[in-house]
Amino acid sequence: MSWSQTRAEQRIRQSLQTVPSKLVNVKTYEERVVDVATVASFSLDGRTTPPPLLHIPPSTAVVVDGVHVYLQLIDYHAVLQDTRRESEARHRRALQFLHIHYSACDQIVREFGAQRVDFHGPRLHAVVATPPGKANERLRLERAMEFANALARMVEETGRSVSNGEFQTRTRIGIDTGKAIAVNSGRGDEPEPLFLGRPANYAAKLADGDEEGIYLSDRARSTLGYMPAGSLVLEKSSSFNLRSRAALPSAITGVTDARIRTLSADVRLRVEPAIRDVNFRFHQHTPPLRTIDYSLLSPSNSIHMPLVSVFADIDGFTKYVDDCTIGGKIAEMVSNLHAIRHELAAVLKRDFDGKKVRFIGDCLHGVMATGTAFDIDERETVRNAVMCAAAMRSSFDLCKTLLPGIQQLGLAIGVELGPTPITRLGIRGDFSVRCATSKAVSNSEDLQSICDGRESALGDRALAVAPRDIRDLFGHTGRVQDLTYSRALALGSENASKTPPLAAPALATSGGWVSRAAASENAVHSSGGTRHA
């Protein structure tokens, strides 16, 4: 596994030829709807009519005036941190939790004809794009408030009625409105709709917190006729009562409680029989992880194994999208984005045998593991992940020299090690969701969020098993600036590579294996927060 500057430069130039800015077609949402002549629809057996913003061609960008809704399942983290259960059982319970609530939320998405962008751990991102047009912004916001209220009530009712209330959770919902750019970074039958711009990013920030409620941006407040809060801090501390229809604008009638009960009962009848412990079956995937086929995964055929989670986030990208939107450079931005994403994913998969989980906005999430079918070599897994992160930074630096207008951007990278399940959850068929969720995933995302555009970070568990040269490089903070591939390649004298890790030895379990760093439920976790999972 290695990186080559020549190979990386060839890939970047090829990506530019595949999606050149002069051939990027920028359309409005209304034009996209006319092109596909359809709106979103779901069916109980998983057959779907794709919504207009799902299978967008790579050379197309759609400018959408829409309302972005982020829902967070607040109590999910308590499920992950239930130390009374062994690791595999704890992760099984977390997947059961997500499977139920993904299915419940998709019922409401279907009910409203909204665009579900993605589920990522305990977060749902959805967009209300109708009625279209800037002139209908208030109507869309009222619709989005009704949608958010129905989501919260659906999650509450489903959590109470399924599995004797074992999976109850509170919800926190962030809402912002404005212009965003919709693109697709997926391939073939794995579409990845992405919305680039401030409304999606801001709604996610509003949904980040431990207090339940609906939280509106000042842009949304002003459009609905409410007094602006004045700052993000105040916006995040002022919620609308989820349980009171009186808190909603008078034009909103809401979904009846009877309808919520009917939809929840449908989830209970269809999903509950499929989430029993015996229905969730785990196996360890033989490295390399690039050979994982997501289409073959399901609750009954799920992966569970020690691995490294990597998050690589483009720093400053939201402002860049805003500047390109204002300056009429959307086509250039889309071309640059495809080239950057393609190269980062290629480094992960082609150069270091990792597997992309998904793109989340301007962020790449991937997983890596080194070893055999029976034993994951955590030390080499971490070393290879550090080399991969360094290669990503070198490739990103190459992008900055070859692509126009991105010199101000940076790359923040977080890496953490831990046992992690990988599967597909939620509604059957094309709309099922790739899911990799664990403390390692949560911590690696938190780590990248505290890095600036020059930094890479290792979590506590990864540091504990890393070779000494890597531990010395990252230091007590677990962070290092400007770690490029040439710098990482210079690490690792023969003596340093023989330094024993700081982890406990592997122990046998009923499942046949356990990661060396996770020999007990009390293994050290990263001290990063639990912003996302």
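Reader: Which residues touch the most other members in the largest nonpolar core?

Author: In this predicted model, the largest nonpolar core has 65 residues, and I181, F317, M333, F352, M392 and F474 are the ones that touch the most other members.

Reader: And which helix gives the most to this core?

Author: That is helix 12, residues 378–402, which gives twelve residues to the core.

Reader: Let me pick M333, then. What is M333 in contact with, leaving aside its neighbours within four places in sequence?

Author: With those neighbours left aside, M333 is in contact with I181, L196, F317, Y320, V321 and C324. Two of these partners, I181 and F317, are also listed among the residues that touch the most other members of the core.

Reader: How many residues are in the other core, the one that lies apart from it?

Author: The other core has 53 residues, and among them are L95, I108, F112 and V155.

Reader: Stepping back a bit, how many helices and strands does the protein chain come to?

Author: The secondary structure of the chain comes to 17 helices and 17 strands. Of the 533 residues in the chain, 60% are buried, and among contacts with a separation of 6 or more, 74% are between residues 24 or more positions apart.

Reader: Okay, strands next. Why is strand 14 described as largely enclosed by the rest of the structure?

Author: Strand 14 covers residues 410–425, and 16 of its 16 residues are buried, so the strand is largely enclosed by the rest of the structure.

Reader: How many bridges join strand 11 to strand 14, and do they run parallel or antiparallel?

Author: Strand 11, residues 302–315, is joined to strand 14 by 13 bridges, and the two run antiparallel. As one example of how they line up, H304 stands opposite P421 of strand 14.

Reader: In what sense do strand 14 and strand 16 pair?

Author: Strand 14 pairs with strand 16, residues 455–458, in the parallel sense over three bridges, and there the bridge partner of I413 is S456. Strand 14 is also joined to strand 15, residues 433–436, by four bridges in an antiparallel arrangement, where I422 has A436 as its bridge partner.

Reader: Now helix 13: how many of its residues are buried?

Author: Ten of the twelve residues of helix 13 are buried, so to speak of it as mostly covered is fair. The buried ones include K439, E445 and D446, as well as A440, V441 and L447.

Reader: What reaches the backbone nitrogen of A440 at the start of helix 13?

Author: A side-chain oxygen of S438 comes to within 3.3 Å of that nitrogen.

Reader: And how far apart are the end C-alpha atoms of helix 13?

Author: They are 17 Å apart, and because twelve residues at 1.5 Å a residue should span 16 Å, the two values agree. Helix 9, residues 257–271, can be checked in a similar way: its 15 residues should span 21 Å, and its end C-alpha atoms are 21 Å apart.

Reader: Which residues of helix 9 are buried, and what covers them?

Author: The buried residues of helix 9 are I260, L263, S264, A265, D266, V267 and V271, and what covers them includes helix 4 (87–112) and helix 5 (137–161).

Reader: Changing topic, is S335 buried or exposed?

Author: S335, which is found in helix 11, residues 330–351, has a relative accessible area of 4%, so S335 is buried. Not counting residues up to four places away in sequence, S335 touches L16, V19, P20, S21 and V24.

Reader: How many disulfides does a search of the whole structure find?

Author: The search finds zero disulfides. Two cysteines that are buried are C388, with a relative accessible area of 1%, and C399, at 2%.

Reader: Where is there a cis peptide bond?

Author: One joins T130 and P131, with omega about -5 degrees, and P131 is in the loop between strand 6 (123–128) and helix 5. Another runs from P287 to P288, with omega near 10 degrees, and P288 is in the loop between strand 10 (282–283) and strand 11.

Reader: What about phi of N164?

Author: Phi of N164 is near 55 degrees, a positive value in a residue other than glycine. This is worth pausing on because most residues other than glycine have a negative phi. N164 sits in the loop between helix 5 and strand 7 (171–184), and N164 is exposed, with a relative accessible area of 81%.

How values were computed: Residues numbered from 1 in each chain as written. Predicted model: local features only at pLDDT ≥ 70, side-chain atom pairs only at ≥ 80, totals over all residues. Heavy atoms only, no water. Buried < 20%, exposed > 50% of the residue type's maximum accessible area, 1.4 Å probe, protein only. Pairing = 2+ DSSP bridges. Expected span 1.5 Å × (residues − 1). Polar contact = N/O pair within 3.5 Å; in protein donor to acceptor, adjacent residues only side chain to side chain. Core = buried A, V, L, I, M, F, W, Y, C linked by side-chain atoms within 4.5 Å. Contact = heavy atoms within 4.5 Å. Disulfide = S-S within 2.5 Å.
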